[in-house]
Amino acid sequence: MRLLVVEDDRDINRQVVKALEEAGYVADTAFDGEEGGFLGESEPYDAIILDMGLPKTDGVTVLQNWRRAGVKTPVIILTARDRWSDKVDGFDAGADDYVTKPFHMEELMARVRAILRRAAGHATSQISCGPVVLDTRSGRVFVDGNPVKLTSHEYRLLSYLMHHTGRVVSRAELTEHLYDQDFDRDSNTIEVFVGRLRKKLAVDLIQTVRGLGYLIDGAQTKG
């Protein structure tokens with residue numbers, strides 16, 4: 001999963017990005033509304049964390065511009081403003097959730113997990129596909145109840161496919177959502193990681209749809 005953090009306070013930005021990366025996500029950053037607005041409209045993020053009090057263009061205006069442009073990416077507003085009217089403005093602009101500063105990083109990460117689950121149509125922190133269980137809260141994977149050790153890249157790939165079961169996911173889409181904007185993207189590496197996952201999981205879970213991409217059958221999915 002690939003997220004965008006738009007926050008002008010560099011310490012908070014760095015702390016949020018660090019927490020996201022430790023949780024297994026990839027994060028891009030922006031420090032003002034102009035850059036953040038451009039990235040949010042031009043890059044395919046899975047979720048965005050957006051500060052309201054941004055320089056150049058304020059967060060509410062950035063969010064309104066995204067929604068007018070048809071950007072449906074889930075957005076969590078992050079702000080020091082705690083008046084109910086500010087929250088109403090944020091939600092009316094198109095926000096999906098709201099976190100007030102100062103905040104506990106664990107709460108923000110829980111809200112990120114929840115917003116990603118809802119966007120993918122899942123109800124709990126555990127997603128099951130046949131014998132494979134992905135625990136988004138702990139960042140662990142189990143097969144028939146036994147833990148499977150995955151690298152961060154392997155976990156992100158499996159997580160994205162399990163969040164999007166029932167549809168074919170192309171190599172290009174996986175590359176866009178698994179790596180940050182500065183990474184030297186090569187779709188051939190996706191094949192390598194899929195091969196490793198198949199060996200480690202040792203179950204028939206990830207199907208190759210020739211010429212299109214990869215598929216996990218949605219009929220097996222619970223969560």
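Okay, a definition before anything else: when I say polar contact, I mean a pair of N or O atoms within 3.5 Å, where one must be able to donate a hydrogen and the other to accept it. With that in hand, one caveat: what you have on screen is a predicted model.

So, the layout. The protein chain splits into domain 1, residues 2-120, and domain 2, residues 126-216. Take the centres over C-alpha atoms, and they sit 25 Å apart. On the contact itself, domain 1 puts in 17 residues and domain 2 puts in 13.

How much area is buried between domain 1 and domain 2? About 1200 Å², with carbon and sulfur atoms giving 49% of that. Why quote an area at all? Well, the accessible area lost when the parts come together is often how the size of an interface is given. If you look at who pays for it on the domain 1 side, Arg2, Val26 and Arg113 supply 37% of what domain 1 buries against domain 2, and no other three residues supply more.

Now back to those polar contacts. Across the interface of domain 1 and domain 2 there are four residue pairs that qualify, both residues at pLDDT 80 or more. Salt bridges between the two domains? The rule finds zero. As for where the domain 1 side comes from, the elements giving two or more residues are β2, 26-30, and α5, 105-120. By class, that side of domain 1 has nine nonpolar, two polar and six charged residues.

Let me stay with charges for a moment. Side chains of opposite charge can pair when their charged atoms come close. Over the model, the count comes to 13 salt bridges. One I'd like you to click on is Arg2 with Asp28, at 2.7 Å, N to O. Arg2 is in strand β1, residues 2-6, and Asp28 is in strand β2, so this pair ties together parts that are 26 residues apart in sequence. And yes, that's the Arg2 from the list of three I just gave you for the buried area.

Next, over to domain 2, which covers 126-216, and a run of strands there. β7, residues 132-135, pairs with β8, residues 140-143, in the antiparallel sense, over four bridges. Asp135 has Arg140 as its bridge partner in β8. That hairpin has four residues between the strands, and Gly139 takes a positive phi near 70°.

β8 then pairs with β9, residues 146-148, again antiparallel, this time over three bridges. Here Val141 stands opposite Val148 in β9. This hairpin has two residues between the strands.

Last bit: backbone oddities. Most residues other than glycine have a negative phi, and most peptide bonds are trans. Which residue goes against the phi trend without being a glycine? Asp144, with a positive phi of about 55°, and you'll find Asp144 in the loop between β8 and β9. On the peptide side, Lys101 and Pro102 are joined by a cis bond, omega about -5°. Pro102 lies in the loop between β5, 97-100, and α5, and α5 is one of the elements on the side of domain 1 that touches domain 2.

That's me done; over to you for discussion.

Notes: Residues are numbered from 1 along each chain as its sequence is written. Side-chain values use heavy atoms; hydrogens and water are left out. Domain bounds come from an automatic or database domain assignment. Contact means heavy atoms within 4.5 Å. Buried area is the accessible area (1.4 Å probe) that two parts lose on being put together, summed over both. A salt bridge is a side-chain nitrogen of Lys or Arg within 4 Å of a carboxyl oxygen of Asp or Glu. A polar contact is a pair of N or O atoms within 3.5 Å; within protein, one must be able to donate a hydrogen and the other to accept it, and residues adjacent in sequence count only if both atoms are side-chain atoms. Ala, Val, Leu, Ile, Met, Phe, Trp, Tyr, Cys and Pro count as nonpolar, Asp, Glu, Lys and Arg as charged, and the others, Gly among them, as polar. Two strands pair if DSSP finds at least two bridges between them.
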